[in-house]
Amino acid sequence: GVVAAWLGVRVGRVLPISIGLSLNVAAAVGLAASESVFAFSAFNLLWGLAYNFLSPYLMGALAALDDRGRWAVAGESLWNGGTVPGPWIAGLLVERAGMLPLAGWALFTGGVCLVLVTAALRGFESRCASANSV
């Protein structure tokens, strides 16, 4: 928590969110590809730490987009909405090809999310900076 708060003050939201998402994706890939109990446990711990590091930044960034909180609710809904098709997609991937395609799926979806969130936040921050300088 202290590192997250310090990082947010020093560098803004984009870098901590990028770090948190990257660690979350790395942990998800590691969870799918791990073959030992130790590795699975370590990646599960990393996933939990990354989520708890990322969540306040993401919710804060989304809350800053809208004073009524609609973006924060939408973001949380999308984040948790991934749990609905997740078991179905994961089950199909594992049934047809094993665990490594599941790791690839986590890498693909996490990469897409990282690109979209980073682009959106950079655009928002540049709009805020130009609005404050006027």
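Val-37 sits out in the open: its relative accessible area is 69%, so the residue is classed as exposed. In this predicted model, Val-37 belongs to helix α3, which covers residues 37–65. A second valine, Val-73, gives a handy reference point. Between Val-37 and Val-73 there are 36 Å in space, C-alpha to C-alpha, for a sequence separation of 36 residues.

Stepping back to the whole chain, the protein has 6 helices and 0 strands. Read from the N terminus, the order of elements is simply α-α-α-α-α-α. Along the principal axes, the C-alpha atoms take up a box of roughly 55 × 30 × 20 Å. Of the 134 residues in the protein, 27% are buried. As for how the chain meets itself, 65% of the contacts between residues at least 6 apart in sequence link residues at least 24 apart.

Then there is the surface. The protein exposes about 8600 Å², and 71% of that comes from carbon and sulfur atoms. Charged side chains number 7 positive and 6 negative, with 10 Å between the centres of the two sets. Val-11, Leu-15, Ile-19 and Leu-23 together make a nonpolar surface patch of about 290 Å². Helix α2, spanning residues 14–33, supplies the largest share of this patch, with 3 residues.

Helix α2 is worth a walk along its length, starting with the patch member Ile-19, which is found in this helix. Ile-19 has a relative accessibility of 32% and therefore falls into the partly exposed class. Asn-24, also placed in helix α2, tells another story: its relative accessibility is 11%, so it counts as buried. What does Asn-24 touch, once neighbours within four places in sequence are set aside? Its partners are Trp-47, Ala-50, Tyr-51 and Trp-79. Further along comes Gly-30, again in helix α2. With a relative accessibility of 7%, Gly-30 is under the 20% cut-off and is therefore buried. Gly-30 and Ile-19 are separated by 11 residues in sequence, and their C-alpha atoms lie 16 Å apart.

At the other end of the numbering, helix α6 runs over residues 99–133 and includes Thr-109. Is Thr-118, likewise in helix α6, buried or exposed? Thr-118 has a relative accessible area of 14%, which means that this threonine is buried. Leaving out residues up to four places away in sequence, Thr-118 is in contact with Val-14 and Ser-18. Thr-109, by contrast, is partly exposed because its relative accessibility comes to 32%. Thr-109 can also be set against Gly-8: the two are 101 residues apart in sequence, while the C-alpha to C-alpha distance is 25 Å.

Taken residue by residue, then, helix α2 carries the buried Asn-24 and the buried Gly-30 along with the partly exposed Ile-19. Helix α6 likewise holds the buried Thr-118 and the partly exposed Thr-109. Val-37 of helix α3, where this account began, is exposed.

Terms used. Residues are numbered from 1 along each chain as its sequence is written. This is a predicted model: local features need pLDDT of at least 70, side-chain atom pairs count only at pLDDT 80 or more; totals for chains, interfaces and linings use all residues. Side-chain values use heavy atoms; hydrogens and water are left out. Helices (H or I, at least four residues) and strands (E, at least two) are DSSP runs, numbered from the N terminus. Buried means under 20% relative accessible area, exposed over 50%, partly exposed in between (1.4 Å probe, protein chains only). Contact means heavy atoms within 4.5 Å. Accessible areas come from the Shrake-Rupley method with a 1.4 Å probe; for residues, only the protein chains shown count as cover. Lys and Arg count as positive and Asp and Glu as negative; His and the chain ends are not counted. The place of a charge is taken as NZ of Lys, CZ of Arg, CG of Asp or CD of Glu. Patches are made of residues with over 30% relative accessible area and no salt bridge: like charges are joined within 9 Å, nonpolar side chains (Val, Leu, Ile, Met, Phe, Trp, Tyr) within 5 Å. A salt bridge is a side-chain nitrogen of Lys or Arg within 4 Å of a carboxyl oxygen of Asp or Glu.
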